[in-house]
Amino acid sequence: FRLPPEKIVRLDHPSYDGAYPVGLDRALARAQLGLSSGEICLLFFGLIREYKGVGRLLDAFATIAGQDARLRLDVVGRVDPPHTEEFVERLQHSPQVRAHLGFVPNDLVQRYLLAADIAVLPFERALNSGSLALAATFGLPRAPSRTSGGRGTAGSSGGRVRRATAACAARAGRPRVEPFPPGDTASLAEALWRARTSLTRPEAREDARAYAAERDPDTISPRLAREVLGIEP
């Protein structure tokens, strides 16, 4: 089905600034989750569905966890079918993997996003990524898959993010994200291994916050009203 180009409008996915309560600081959030100052916490946050690649993430993490005892993987969210009890048991298999399964109330979202060091988005496919925008809102550096559906939004993990990553690296000598091709366990493991140094610097968190600030809802929403609805806010 061909969409007429004149009817297509591209807008960034807005950040979630103001959508969730924030009353904790990072140190307190980590203490509540039992994370020491030296541990590196990788986070998958959100509804756990098959296309989101959590099983592949577990495989990739297993290949690197033994090489760095500081690594932790938190899998947080409600599990949807067709994931089975066998999948849930996999989450309990490694002492370096912790599962927090079930719906996360709005006031507890901050705990996981503030405590983590790196958000991992191993999606096999996506249209746009609210998870990427949410992570950036909390200043969390990201390791996203390069999903082909991401080409339609700069807020996704697709081609425009790859270009942004290259530009950022060239400009500041550091990556904003550590992307990897979807469906490739080895590449995901390599990205996570790189991220433990490249994305755990203070500058990486600053980059994430800047990314979110550029996509503030108060900036994106008027554009949506103007370009799609023809309303001048």
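Student: Why does N128 count as partly exposed?
Tutor: Because its relative accessibility is 45%, and partly exposed covers the range between under 20%, which is buried, and over 50%, which is exposed. Keep in mind that this is a predicted model.

Student: Where is N128 found?
Tutor: In the loop between β4 and α5.

Student: And how far apart in space are N128 and D12?
Tutor: Their C-alpha atoms are 9.1 Å apart. Along the sequence the two are separated by 116 residues.

Student: What about S129, buried or exposed?
Tutor: S129 is buried, because its relative accessible area is 2% and the cut-off for buried is under 20%. S129 also lies in the loop between β4 and α5.

Student: How far is S129 from T147?
Tutor: The distance is 9.8 Å from C-alpha to C-alpha, with their positions 18 residues apart in sequence.

Student: Let's step back. How many helices and strands are in the chain?
Tutor: The chain has 9 helices and 5 strands. Read from the N terminus, the order of elements is α-β-α-β-α-β-α-β-α-β-α-α-α-α.

Student: What share of the residues count as buried?
Tutor: 48% of the 233 residues. The accessible surface of the chain is about 11500 Å², and carbon and sulfur atoms account for 52% of that.

Student: What share of the contacts join residues at least 24 apart?
Tutor: 73%, taken among contacts between residues at least 6 apart in sequence.

Student: Now helix α4. Which of its residues are buried?
Tutor: Helix α4 spans residues 106-115, and its buried residues are V109, Q110, Y112, L113, L114 and A115.

Student: What covers them?
Tutor: The cover includes three helices, α1 (26-32), α5 (130-137) and α8 (202-213), along with the strands β1 (40-45), β2 (71-77) and β3 (97-101).

Student: You mention α8. Which helix does E206 lie in?
Tutor: E206 lies in α8. E206 is partly exposed, with a relative accessible area of 45%. Its C-alpha is 8.8 Å from that of L140, although the two are 66 residues apart in sequence.

Student: And T63, where is that?
Tutor: In helix α2, residues 54-65. T63 counts as partly exposed, at 45% relative accessibility. A186 is 123 residues away along the chain, yet the two C-alpha atoms are separated by 8.7 Å.

Student: Different topic: empty space. How many cavities of 30 Å³ or more are there?
Tutor: The count is 2. The largest cavity has a volume of about 100 Å³.

Student: Which residues line the largest cavity?
Tutor: L43, F44, F45, L113, A119, V120, L121, F123, S131, L134 and A135. The elements giving two or more residues to this lining are β1, β4 (118-121) and α5. By type, the lining has 10 nonpolar residues, 1 polar and no charged.

Student: What's the volume of the largest pocket?
Tutor: About 350 Å³. Its lining has 17 residues, and the closest to the centre are Y20, F45, G46, L47 and L134.

Student: Which elements give two or more residues to that lining?
Tutor: They are β2, α4 and α5. The largest share, 3 residues, comes from α5.

Student: How do the lining residues of the pocket divide?
Tutor: Into 9 nonpolar, 6 polar and 2 charged.

Student: Last one: Q96. Why does it count as buried?
Tutor: Because its relative accessibility is 15%, and buried means under 20%. Q96 sits in the loop between α3 (85-91) and β3.

Student: What does the side chain of Q96 reach at 2.9 Å?
Tutor: The backbone oxygen of L71. A polar atom of the Q96 side chain also lies 3.5 Å from the backbone oxygen of D68.

Student: Which residues does Q96 touch?
Tutor: Leaving out residues up to four places away in sequence, Q96 touches F61, A65, G66, D68, A69, L71, R72 and L73.

Definitions and conventions
Residues are numbered from 1 along each chain as its sequence is written. This is a predicted model: local features need pLDDT of at least 70, side-chain atom pairs count only at pLDDT 80 or more; totals for chains, interfaces and linings use all residues. Side-chain values use heavy atoms; hydrogens and water are left out. Buried means under 20% relative accessible area, exposed over 50%, partly exposed in between (1.4 Å probe, protein chains only). Helices (H or I, at least four residues) and strands (E, at least two) are DSSP runs, numbered from the N terminus. Contact means heavy atoms within 4.5 Å. On a 1 Å grid over the protein atoms alone, a cavity is a set of points where a 1.4 Å probe fits but cannot get out, and a pocket is an open set with protein on both sides within 12 Å along at least five of seven lines; lining residues have an atom within 4 Å of a point. Grid points are joined across faces, edges and corners, and a volume is the space filled by probe spheres set on the points. Ala, Val, Leu, Ile, Met, Phe, Trp, Tyr, Cys and Pro count as nonpolar, Asp, Glu, Lys and Arg as charged, and the others, Gly among them, as polar. A polar contact is a pair of N or O atoms within 3.5 Å; within protein, one must be able to donate a hydrogen and the other to accept it, and residues adjacent in sequence count only if both atoms are side-chain atoms. Accessible areas come from the Shrake-Rupley method with a 1.4 Å probe; for residues, only the protein chains shown count as cover.
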